[in-house]
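Student: Please take one part of this model and go through it closely, then place it within its wider surroundings.

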Amino acid sequence: MSNSGPNLLIIGASTRSAGFSALRAGFKPICLDMFADADLQANAVVRQVENYPSGLIDALQALPRLPLLYVGGLENHPEILNVAAEFHDLMGNGAKQVEAARSADLLAEAMRISQVETPEWKSSSEPPETDGTWLLRPIFGCGGRGITRWTEEAKTSPTLNEPHIFQKHVSGTVYSGVYIAQEVGDVRFVGLTQQLTGCKESNAAEFQWSGNFGPVALPIEIEHKMRRAGNVLKWKASLRGLFGIDFIVTEENRIFVTEVNPRYPASLELLEFATGQPLLPSHLECFAELDVENSWTPDTDGPLFGKAILYSPQNFQLTSDLTPEIKAFSKFPNLADVPQAGTSFKTGEPICTTFATGQSVQDCREKLTRQLQELQSRIIPASKVD
């Protein structure tokens, strides 16, 4: 890999997390995404893509060939993954592997072998009773987008206008497991984080992803089963490199796997600070030999690390200047995904991400809650549009 210019291309809806992971590992990334956030621009080469995601196709063809990493949301766009693989060196699972990993039937079979469960589901052609015990869920969703309880009111949901299924609602605590699948041997189990979903302080919808904190530990039997689940998924879907598994643990310690994310998971940056190691090289080494050096050491020791997204509660234009709060990629941030002053937001759009460390799960979560409340009170009222 060349030492003069960018040596890694990162694409996705929001590339800041992966971009900073790459920088900590010693890479020089060029990032293509929807937002071109101020903190990413301060640390890396960034190009904002208009008409996302279709605009990526022209952008990918215009760039010189580079190793390419994709992040959240693009697993739902096989046409873009195919273009990425044609014009660049794809460092991730291709469209075929993604399709397998996102198959409800394959997932159910893999989890049966792993001795864990998946929620019961029905196809769009056989909708269940609208009694609130089922979820309407888009097939090509990401981060909980479009998931809602299946009630009479949900019959007007825009999710019905796209490919969807109905999934039995399971109550419990939501976790994310992170894995690295090498070509030979068992997967590497990186760690677990607990998810924040439907966080009121984030202004998130009921099942919308709001953030993560960790690393967390679960009973040995549960962790063993989730390690097995990672291995079976690698085998069944031919996965390589980083991937994530979202799952629910009920009060009775039953495990329900709900989703597989066959690419760089959003929680990885928290585990990097927790382990004190850049983890992106372990992913890229699953696809190519590397010649990159890094000397990164974390600036805080946690022991728990968390992040939470603030979604916009209304249409407004940001007047606050948040750029003085930007930190270098090597530092654990207080605020990230920082928008420029003057950016306009619609209700429900992500504004930025707040971070915290804690001595316990409760401590970390309480800090994130306070920071979300303080951040919203500081930037929303002064910018409110009548």
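Tutor: Contact here means heavy atoms within 4.5 Å. This is a predicted model, in which local features need pLDDT of at least 70 and side-chain atom pairs pLDDT 80 or more, while totals for chains, interfaces and linings use all residues. Numbering starts from 1 along each chain as its sequence is written, and side-chain values use heavy atoms, without hydrogens or water.

Begin with S267, which sits in the loop between β14 and α8 (DSSP runs numbered from the N terminus: helices H or I, at least four residues; strands E, at least two). Setting aside residues up to four places away in sequence, S267 touches S176, V178, T193 and N212. S267 counts as buried because its relative accessibility is 3% (buried is under 20%, exposed over 50%, partly exposed in between; 1.4 Å probe, protein chains only).

Helix α8 itself, residues 268–275, is mostly covered, with six of its eight residues buried, namely L268, E269, L270, L271, E272 and F273. Just after α8, G276 adopts a positive phi of about 75°.

For the surroundings, the largest nonpolar core (buried Ala, Val, Leu, Ile, Met, Phe, Trp, Tyr and Cys joined through side-chain atoms within 4.5 Å) has 29 residues, and M111, M226, L233, I245, F247 and V257 have the most contacts inside it. Helix α7 gives the most to this core, with six residues. Beyond its neighbours within four places in sequence, L233 contacts L106, L107, A110, M111, S238, L239, I245 and V260. Apart from this core lies another, of 27 residues, whose members include V178 and, from α8, L271.
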